[in-house]
Amino acid sequence: MTDIKAALRAQHIETPSWAYGNSGTRFKVFAQRGVPRDPYEKLADAAQVHAYTGVAPTVALHIPWDKVDDYADLARHARELGVGIGAINSNVFQDDDYMLGSVTHPSARVRRKATDHLLECVDIMDATGSDTLKLWFSDGINYPGQDDIRARQDRLADSLAEVYGRLGEGQRFLLEYKLFEPAFYATDVPDWGTAYAHCVKLGPKAQVVVDTGHHAPGTNIEFIVAFLLREGKLGGFDFNSRFYADDDLMVGAADPFQLFRIMFEVVRGGGLDAETGVAFMLDQCHNIEPKIPGQIRSVMNVQEATAKALLVDRDALAAAQTEGDVLGANAVFMDAYNTDVRPLLAELREEMGLAPDPMTAYAKSGYFEKIAADRVGGTQAGWGA
Ligand code: RM4
Ligand code: MN
């Protein structure tokens with residue numbers, strides 16, 4: 001139990017700045033009271049999640065959504081709040097120029113602009129002390145024949161190589177894949193294999209990030225996790241939950257069993273060890289639920305799945321597997337999954353000097369009432385702002 005608690009205490013779950021802003025769907029973005037008006041206020045909200053869970057010490061930024069004049073000052077503000085700046089997420093999907101793609105666009109001018117943005121993100125890493133750049137490209141085509149699929153791979157490789165060359169000591173980039181959307185016929189980085197192939201060619205500072213919502217229904221994500229970890233190419237996760245497509249719901253909400261299976265492969269592959277460097281990031285939007293509690297619940301869901309994964313009796317499992325005892329092995333697995341780990345986590349939080357139930361503690365803190373009263377006027381942060 002001591003080992004399990006130590007592993008849970010050491011696991012850091014990163015929250016995304018965009019989770020604290022208003023969001024919705026392409027049909028409607030819903031405004032909530034108390035929503036941050038700038039990146040400084042987003043960090044303040046993220047610090048609350050860390051204050052009540054004790055395991056969310058970093059916040060991912062999205063550029064230009066979190067553009068500020070002085071990034072070193074933003075990082076200082078974060079430190080004062082007890083958190084740090086996590087991954088810098090680039091955004092090459094919201095400019096008119098990117099209608100036909102960004103780094104894979106047929107025009108050299110647009111490709112230059114997109115790559116320059118990625119390089120600017122590395123400058124921001126330097127200024128904030130962030131060690132991770134996260135690259136997601138919406139690039140792709142909607143119609144057969146629209147552009148040359150292979151040439152687009154060449155353009156992608158050129159841009160990635162330039163950004164890779166700009167990375168400093170101790171910095172890395174994570175390449176994210178997504179099956180479809182917004183491109184519907186052929187996406188340029190649609191799957192882990194494509195991301196992996198580019199990363200292998202580039203070297204050790206390039207790794208793959210698995211966004212749990214970016215797969216076809218029925219995909220065995222834990223297999224991908226096991227494979228990438230074995231190859232030293234699992235850079236991290238963008239956690240969220242999906243029923244149908246890229247739903248961006250709270251991780252563990254739709255399928256907590258899948259999350260457990262993923263976390264088991266992480267544990268099995270040494271992904272919880274600090275030196276492996278697997279980043280556990282959330283990439284979610286809270287469209288209809290309150291945002292700070294939504295993040296707290298998500299962090300708790302990841303912790304619960306991790307605790308269950310750590311509870312798997314690996315010796316008993318290996319023995320059953322070696323014996324060819326199919327049902328025995330499955331029972332060992334399910335025993336761990338069916339264990340109620342909430343008391344264990346409550347105990348751990350008390351040992352960390354925290355309230356045993358972060359949800360109630362936050363609700364009682366009065367923070368929401370305070371931000372709802374204070375944050376009047378100005379423009380609330382929202383998707384695309
Ligand atoms: C994308 C992708 C990226 C995230 C944006 C907001 O679908 O998942 O990781 O930065 O959404
Ligand atoms: Mn993502």
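These are short notes on the ligand site and the cysteines of a predicted model.

1. Location of the ligand. Ligand 1 sits in the largest pocket. That places the binding site and the largest pocket together.

2. The shell. The residues around ligand 1 include two tryptophans, W65 and W136. H62, N89 and H214 also line up around ligand 1. The remaining neighbours are K134, E176, K178, D211, D238, D246 and D283. By class, the shell has seven charged residues, three polar and two nonpolar.

3. Polar contacts. Three aspartates deserve a look. The side chain of D283 has an N or O atom 2.8 Å from an oxygen atom of ligand 1. For D238, the distance from a side-chain N or O atom to an oxygen atom of the ligand is 3.0 Å. For D211, a polar side-chain atom lies 3.1 Å from a ligand oxygen. Ligand 1 has 290 Å² of accessible area on its own, and the protein covers 91% of that.

4. Disulfides. The structure holds zero disulfides. C121 is in none, and its nearest cysteine sulfur, in C199, is 17 Å away.

5. Why does the sulfur of C199 form no bond with that of C121? The two sulfurs are 17 Å apart, which is too far for a bond. A disulfide would need the pair within 2.5 Å.

6. Cysteine exposure. Are C121 and C199 buried or exposed? C121 has 0% relative accessibility, so C121 counts as buried. C199 is also at 0% relative accessibility and therefore counts as buried. The cut-off for buried is under 20%.

Note on methods:
Residues are numbered from 1 along each chain as its sequence is written. Chains are lettered from A and ligands numbered from 1 in the order in which they are written. This is a predicted model: local features need pLDDT of at least 70, side-chain atom pairs count only at pLDDT 80 or more; totals for chains, interfaces and linings use all residues. Side-chain values use heavy atoms; hydrogens and water are left out. A residue is near a molecule or strand if one of its heavy atoms lies within 4 Å of it. A polar contact is a pair of N or O atoms within 3.5 Å; within protein, one must be able to donate a hydrogen and the other to accept it, and residues adjacent in sequence count only if both atoms are side-chain atoms. Accessible areas come from the Shrake-Rupley method with a 1.4 Å probe; for residues, only the protein chains shown count as cover. On a 1 Å grid over the protein atoms alone, a cavity is a set of points where a 1.4 Å probe fits but cannot get out, and a pocket is an open set with protein on both sides within 12 Å along at least five of seven lines; lining residues have an atom within 4 Å of a point. A molecule sits in a cavity or pocket if more than half of its atoms lie within 2 Å of its grid points. Ala, Val, Leu, Ile, Met, Phe, Trp, Tyr, Cys and Pro count as nonpolar, Asp, Glu, Lys and Arg as charged, and the others, Gly among them, as polar. Buried means under 20% relative accessible area, exposed over 50%, partly exposed in between (1.4 Å probe, protein chains only).
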